Amino acid sequence: MDSTLTALAGQIAQLDAVDSAHLERMRHEALTVQAPWKAEYGAYQSGGWWTTSLMNASGDAADVTIGDCAARPTDLLGRMPATAAFLADLGLDFMWVRLARLEGNAFLWEHRDYDELDQVERHRLHVPLHTNRSAFLVTGGAKVHMAGGRIWRLTPTYTHGVCNLLGPDRIHLIADVYADDAYRHLARRPSLSPVVAEPLLVADRTTLAARLESARSMAALGYTKAAERMLLRLFYTYALPEGTVYDLIAELHTSLGDMEAATSWETAKRRLLAIPA
């Protein structure tokens, strides 16, 4: 890997391949099983992000707010034998396992994870089950299409965001695992193909000023929420310093004289990016 990909592989990387026949069985299960999909983490998303749990503390698939625990299978996993066999074969120390579905034209906004959990070593694994080329993750100033056929490792303590621009739904099996020998063996040879990673354009001040002026024009016409979303979506187009989109939205509201909204977005930035108060 070149130096850029090497640095990016510290944030997201491809691990072992998944048997294609077994992957297809898991995909079929995820697409056909009757699951209690829940909308959670509303402040982190545009709408269109749904999860359901396969392993957690309670054994209830509708319990989707992740936390440290000794995970046990839910009733839903009991109806997904191929997925259960795959997880058992990994032999990992699972904290939480879930299916995550992201609809077309849906976004998980820039954020970082794990800040509210115990400070122990853990890792997040993704197995793409159903995806498309317009679905990608942004981290480290690049967009990465998490293609099928491999287990992926994401380091979610780095700021990141996800989008599915056109659809169909993107469905991933996501496992949060504690570090142990089985995990270290799985992660022994991380890689990142240049085919799936693309550096984002760097936005200069003139570009950002123009986008902010466009947002002001939209807000002046009464489309304030659309203006906010337009600015949030810059994260998926440009390589930006951390939190830039939230600063732009706060600046938008300040220019409109709405200091309450500006303060609200400043607070949201600290919460979503886990910035100490």
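Here are some questions and answers about the structure above, which is a predicted model.

Visitor: What kind of model is this, and how are its residues numbered?
Guide: This is a predicted model, in which local features need pLDDT of at least 70, side-chain atom pairs count only at pLDDT 80 or more, and totals for chains, interfaces and linings use all residues. Side-chain values use heavy atoms, with hydrogens and water left out, and residues are numbered from 1 along each chain as its sequence is written.

Visitor: Which helix gives the largest share of the largest nonpolar core?
Guide: A nonpolar core is a set of buried Ala, Val, Leu, Ile, Met, Phe, Trp, Tyr and Cys residues joined through side-chain atoms within 4.5 Å; buried means under 20% relative accessible area, exposed over 50%, and partly exposed in between (1.4 Å probe, protein chains only). The largest core has 52 residues, and among those touching the most other members are Ile12, Val144 and Tyr246. Helices (H or I, at least four residues) and strands (E, at least two) are DSSP runs, numbered from the N terminus. The largest share of this core, 6 residues, comes from helix α7.

Visitor: How many residues does the second, separate core have?
Guide: Phe94, Tyr114, Val127 and Val177 are included in this second core. Its size is 40 residues.

Visitor: Why are the buried residues of α2 on the same side?
Guide: Helix α2 covers residues 20-32. Its buried residues are His22, Leu23, Met26, Glu29 and Ala30. They lie on the same side of α2 because they cover an arc (taken from the directions from the helix axis to the C-beta atoms) of only 120 degrees around the axis.

Visitor: What is the volume of the largest cavity?
Guide: On a 1 Å grid over the protein atoms alone, a cavity is a set of points where a 1.4 Å probe fits but cannot get out, while a pocket is an open set with protein on both sides within 12 Å along at least five of seven lines; lining residues have an atom within 4 Å of a point. Grid points are joined across faces, edges and corners, and a volume is the space filled by probe spheres set on the points. The whole structure holds 1 cavity of 30 Å³ or more. Its space comes to about 50 Å³.

Visitor: How many residues of the lining of the largest cavity are nonpolar?
Guide: Ala, Val, Leu, Ile, Met, Phe, Trp, Tyr, Cys and Pro count as nonpolar, Asp, Glu, Lys and Arg as charged, and the others, Gly among them, as polar. Phe86 and Leu87, both buried in α3, are among the residues lining this cavity. The lining has no polar and no charged residues, and the nonpolar ones number 9.

Visitor: Which residues lie nearest the centre of the largest pocket?
Guide: This pocket holds about 400 Å³ of space, and its lining divides into 11 nonpolar, 4 polar and 8 charged residues. Of the 23 lining residues, those nearest the centre are Tyr41, Tyr44, His111, Asp113 and Arg124.

Visitor: How far apart in space are Ala179 and Val120?
Guide: Val120 is one of the residues closest to the centre of the second largest pocket. Ala179 sits in the loop between β11 and α4 and counts as partly exposed because its relative accessibility is 22%. The two are 59 residues apart in sequence, yet their C-alpha to C-alpha distance is 8.5 Å.

Terms used:
The expected span of a helix is 1.5 Å times one less than its number of residues.
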